[in-house]
Amino acid sequence: MTRIVDTRTDAEAALRLASEVLASGQPVAIPTETVYGLAADATDPAAIARIYEMKGRPRFNPLICHVADLEMAERHAVFDPLSRRIAEAFWPGPLTLIVPVREESPIHPLVRAGLDTVGIRVPTGFASRLLAFYGRPLAAPSANTSGRISPTTAEHVALDLGDRLELVLDGGAANIGLESTILKVDEDGEIRLLRPGGLDVADVERLTGSTILRPQEAATAIEAPGMLASHYAPSAAVRLDAAGVQPGEALIRFGGIPLSGEEGATLVLDLSPSGDMREAAANLFGYMKRADASGAASIAFSPIPMDGLGEAINDRLKRAAAPRG
């Protein structure tokens with residue numbers, strides 16, 4: 001039976017218990033500022049295989065390694081000057097950098113899906129404390145069935161993965177609610193956006209003075225998580241940029257703007273009545289889960305601007321609405 005332990009009640013006991021479970025080769029669901037992660041020792045191939053099995057995740061889809069700080073990151077990966085500059089500015093935080101793995105690093109190739117690069121992130125909060133306490137990198141994709149809506153609470157994890165997990169650490173609701181932004185600096189100094197996320201790429205552009213290449217301008221090979229065409233999907237169909245609501249649909253709107261026909265919706269939710277993108281991002285996955293649980297055959301989304309975190313929100317919605325294999 002899954003055990004749920006509140007990290008806010010006794011953090012020291014949670015650290016010890018989580019470390020014991022991780023050392024035994026079992027994954028642990030952990031809270032981060034982005035979404036809840038399904039964490040396992042990144043140096044243990046059996047533990048990593050359990051992540052793929054629990055999620056039903058394709059093994060060609062690499063995992064992100066979480067580390068305690070930049071010093072730990074540099075023990076496992078090679079940072080060019082620009083990548084290091086970006087890391088120093090935005091870590092800890094919702095940023096993953098794709099960098100070459102060191103030959104001597106014990107991070108197992110299964111984490112990297114056979115690539116010679118590795119995705120590295122330094123989280124905030126309890127996850128950072130756990131990484132420092134455990135002392136080894138943790139592979140930690142979102143703690144949900146592969147391709148489905150990412151979890152932003154411990155309850156979401158328990159309802160999805162259920163008794164497949166030995167331990168879920170409850171740190172409250174994720175305060176960002178979107179996965180990390182993933183960037184890669186190429187050899188020519190170009191910075192590519194592999195996945196928009198909780199860090200606004202405009203902040204990185206201001207830091208570096210460079211225009212970041214968006215996915216449609218860059219390579220389409222799977223180099224990082226979140227690049228599959230269909231992802232973050234509820235069971236219900238998803239309809240984007242809706243101007244009206246069809247009878248029996250669930251509606252997720254934005255900015256307090258009502259849509260025609262919403263009186264016939266099974267459920268009406270507003271990501272942010274005031275139009276605040278951070279609030280909308282934090283509510284996105286939780287509201288998608290509520291709409292999916294309403295029994296509606298489809299979920300209609302009103303248009304959401306592309307400003308700031310709107311780029312990441314629209315990326316998730318595009319993938320949620322994509323044809324499913």
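This is a walk through a few parts of the structure: a small set of paired strands, two helix packings and one loop residue. Keep in mind that the model is predicted.

Let's begin with the sheet. Four strands make up an open sheet, and reading across it you meet S11, S14, S12 and S13 in that order, with parallel pairing. At the edges sit S11 (237–239) and S13 (267–270), each of which pairs on one side only. Going from one strand to the next, the twist averages 20°.

Strand S12 is a good place to zoom in. On one side, S12 (residues 250–253) pairs with S14 (residues 298–301) in the parallel sense, over three bridges. If you want a residue to click on there, take Leu251, whose bridge partner in S14 is Ala300. S12 is also joined to S13, again running parallel, by four bridges. In that pairing, Arg253 stands opposite Asp270 of S13.

What about the two faces of this strand? In a regular strand, side chains alternate between the two faces of the sheet. For S12, Ala250 and Ile252 are on one side, while Leu251 and Arg253 are on the other. Both faces are covered, and all four of these residues are buried, Arg253 included.

Now for the helices. Two packed helices are described by the angle between their axes and the distance between the axes. Take H1 (residues 11–23) and H6 (residues 125–134) to start with: their axes are 10 Å apart and the packing angle is about 55°. An angle between 35 and 65 degrees falls outside the parallel and perpendicular classes, so H1 and H6 count as oblique to each other. The crossing of H1 and H6 is right-handed. On the H1 side, the residues in contact are Ala11, Glu12, Ala14, Leu15, Arg16, Ala18, Ser19, Leu22 and Ala23, and on the H6 side they are Phe126, Arg129, Leu130, Phe133 and Tyr134. By type, that contact splits into 10 nonpolar residues, one polar and three charged.

The other pair is H4 (residues 81–90) with H8 (residues 201–208). Here the axes come within 11 Å and cross at roughly 120°, so H4 and H8 are oblique to each other too. This crossing is also right-handed. H4 brings Leu82, Arg85, Ile86, Ala89 and Phe90 to the contact, where they meet Asp203, Val204, Leu207 and Thr208 of H8. Sorted by type, the residues in the contact of H4 with H8 are six nonpolar, one polar and two charged.

Last stop: a loop. Is Leu165, in the loop between helix H7 (154–161) and strand S8 (167–170), buried or exposed? Its relative accessibility is 2%, so Leu165 counts as buried. Look at what surrounds it in space. Thr2 is 163 residues away from Leu165 in sequence, yet their C-alpha atoms are 5.6 Å apart. Leaving out neighbours within four places in sequence, Leu165 is in contact with Met1, Thr2, Pro27, Val28, Ala29, Leu38, Met54 and Val157.

Conventions: Residues are numbered from 1 along each chain as its sequence is written. This is a predicted model: local features need pLDDT of at least 70, side-chain atom pairs count only at pLDDT 80 or more; totals for chains, interfaces and linings use all residues. Side-chain values use heavy atoms; hydrogens and water are left out. Two strands pair if DSSP finds at least two bridges between them. Helices (H or I, at least four residues) and strands (E, at least two) are DSSP runs, numbered from the N terminus. Axes are lines fitted to C-alpha atoms, for helices over the stretch in contact, and angles run from 0 to 180 degrees between N-to-C directions. Angles under 35 degrees count as roughly parallel, over 145 as roughly antiparallel, 65 to 115 as roughly perpendicular and the rest as oblique. A crossing is left-handed if the near helix is turned anticlockwise from the far one by less than a right angle, and right-handed if clockwise. Contact means heavy atoms within 4.5 Å. Ala, Val, Leu, Ile, Met, Phe, Trp, Tyr, Cys and Pro count as nonpolar, Asp, Glu, Lys and Arg as charged, and the others, Gly among them, as polar. Buried means under 20% relative accessible area, exposed over 50%, partly exposed in between (1.4 Å probe, protein chains only).
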